[in-house]
Amino acid sequence: MKEWIEAMRLRTLPVSVAGVVGGTACAIYHHGFSLLPFLVCLFFAVGAQITSNFANEYYDFKNGLDKKGREGFRRGVTEGDITPEAMKRAIYITLAVTICVGASLIIWGGWWLIFIGIAVAVFALAYSAGPFPLSHHGLGEIAVWIFFGFVPVVFTEYVQTQIFRIDSITFFTAAAIGLMAANVLIVNNYRDMEDDKSVGKKTSVVILGRRVMGAVYYADGMLAAIFLAMATTTLPFWISAGWLMYFALHSMLWSRMRTLTGKDLNDILKWTSLLMFIVSIYLLVVCASLRPDPNEFIIFP
């Protein structure tokens, strides 16, 4: 059981939770919170991430991109703790259960949500598998920005409000959460650069180097703080001050990250993920205590 829990990569799961919580914050802001679709979205998001983590472990092993004693989290398949066949079955089972539960969202959002579910399922596998694995070609951060930012925020809000809207708070919340999610992946690839480079896995850090991607990590956090401030620009100053606190904590993590290598970076990954989750909870509290301006600018009606 311990090996399977490690394969789920619990330290990174707050990333998928944060997107759903952020979308729920936007729904509450627009007077549309609904508990059951929120829980279904939460299960679907976490299930999709676990499926993606399983697939990453299986296909990297299958393609010879993992080796024993790697710097990152222990890989059960590579280390011989889990058989490849067992991991492959786990991928199919978690994917099937996730899709079945997620399909119930059509009750609140309509049949067309099936296409969104298919896109999420494809991404969960295409991140590591297929003829053009996204994580092997420096595209992981862009995909994460979309599928851990805009997709969960926008559609979690939609199924709770039954109104498809991308106004200022929804747009900037999605953009900020997506950037924070991308930073979790940057730390992961920053830690694994030597291992990935030795097997020909071209992550963004392998392609651009640690110095450049370290700067991207810092810039992502800065932009996320700006976007969150813009999302709440009409709200009281103490809220914007909260985003300044986030940026200060992010800067501390960035400063620390530049001094660490190997497994020591696992703590930076954990805290980057947790900080993202804390921000989403803070946003939830903010939106629960305030109400929208009826004349708020709508980016897309």
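This is a short talk on the overall build of one protein model, its largest pocket, its cavities and two of its residues.

Okay, so first things first: what we have here is a predicted model. Let me start with the whole protein. We're looking at 14 helices and 2 strands. If you follow the C-alpha trace along its principal axes, it spans about 55 × 45 × 30 Å. The radius of gyration is 19 Å, and that agrees with what you'd expect, because a compact globule of 301 residues would come out near 19 Å. A bit over the inside and outside: 55% of the 301 residues count as buried. The accessible surface adds up to about 13,500 Å², with carbon and sulfur atoms holding 70% of that. And if you take the contacts with a separation of 6 or more, 79% of them are between residues 24 or more positions apart.

Right, on to the pocket. The largest one has a volume of about 500 Å³. Who lines it? There are 29 lining residues, and the ones nearest the centre are Phe44, Leu105, Ile116, Gly117 and Val120. Helices H2, H3, H5, H7 and H8 each put two or more residues into that lining, and H7, which runs over 113-126, gives the largest share with 9 residues. What about chemistry? The lining has 23 nonpolar residues, 6 polar ones and no charged ones.

Now the enclosed spaces. How many cavities of 30 Å³ or more does the count come to? It comes to 4. The largest cavity holds about 400 Å³ of space. Its lining is made of 29 residues, and nearest the centre you'll find Arg9, Asn53, Tyr127, Leu185 and Asn188. The elements giving two or more residues here are H3, H8 and H9, the last of these covering 168-191. H9 gives the largest share, 5 residues. By class, this lining splits into 10 nonpolar, 12 polar and 7 charged residues. So keep the two linings in mind: no charged residues around the largest pocket, and 7 around the largest cavity.

The second largest cavity has a volume of about 50 Å³. Its lining includes Met180, Asn183, Tyr217, Tyr246 and His250, and H9, H13 and H14 each give two or more residues to it. Here we're back to no charged residues, with 6 nonpolar and 3 polar.

That brings me to His250, since it's part of that lining. Which helix is His250 in? It sits in H13, residues 237-257. Is His250 buried or exposed? It counts as buried, because its relative accessibility is 2%, and the cut-off for buried is under 20%. Outside its sequence neighbours up to four places away, His250 touches Asn183, Tyr217, Tyr218, Gly221, Met222 and Leu275. Three of those names, Asn183, Tyr217 and Leu275, also turn up in the cavity lining.

Last residue: Leu260. You'll find Leu260 in the loop between H13 and H14. Even so, Leu260 is at 11% relative accessibility, so it counts as buried too. Apart from neighbours within four places in sequence, Leu260 is in contact with Tyr190, Leu265 and Ile268. For a sense of distance across the model, the C-alpha atoms of Leu260 and Ser168 are separated by 37 Å, with their positions 92 residues apart along the chain.

Okay, that's my tour.

How values were computed: Residues numbered from 1 in each chain as written. Predicted model: local features only at pLDDT ≥ 70, side-chain atom pairs only at ≥ 80, totals over all residues. Heavy atoms only, no water. 1 Å grid on protein atoms, 1.4 Å probe; cavity = no way out; pocket = protein on both sides within 12 Å on 5 of 7 lines; lining within 4 Å. Points joined across faces, edges and corners; volume = space filled by probe spheres on them. Helix = DSSP H or I, 4+ residues; strand = E, 2+ residues; numbered from the N terminus. Nonpolar A, V, L, I, M, F, W, Y, C, P; charged D, E, K, R; others polar. Rg over C-alpha atoms; globule rule 2.2 N^0.38 Å. Buried < 20%, exposed > 50% of the residue type's maximum accessible area, 1.4 Å probe, protein only. Contact = heavy atoms within 4.5 Å. Areas by Shrake-Rupley, 256 points an atom, 1.4 Å probe, with all protein chains shown as cover.
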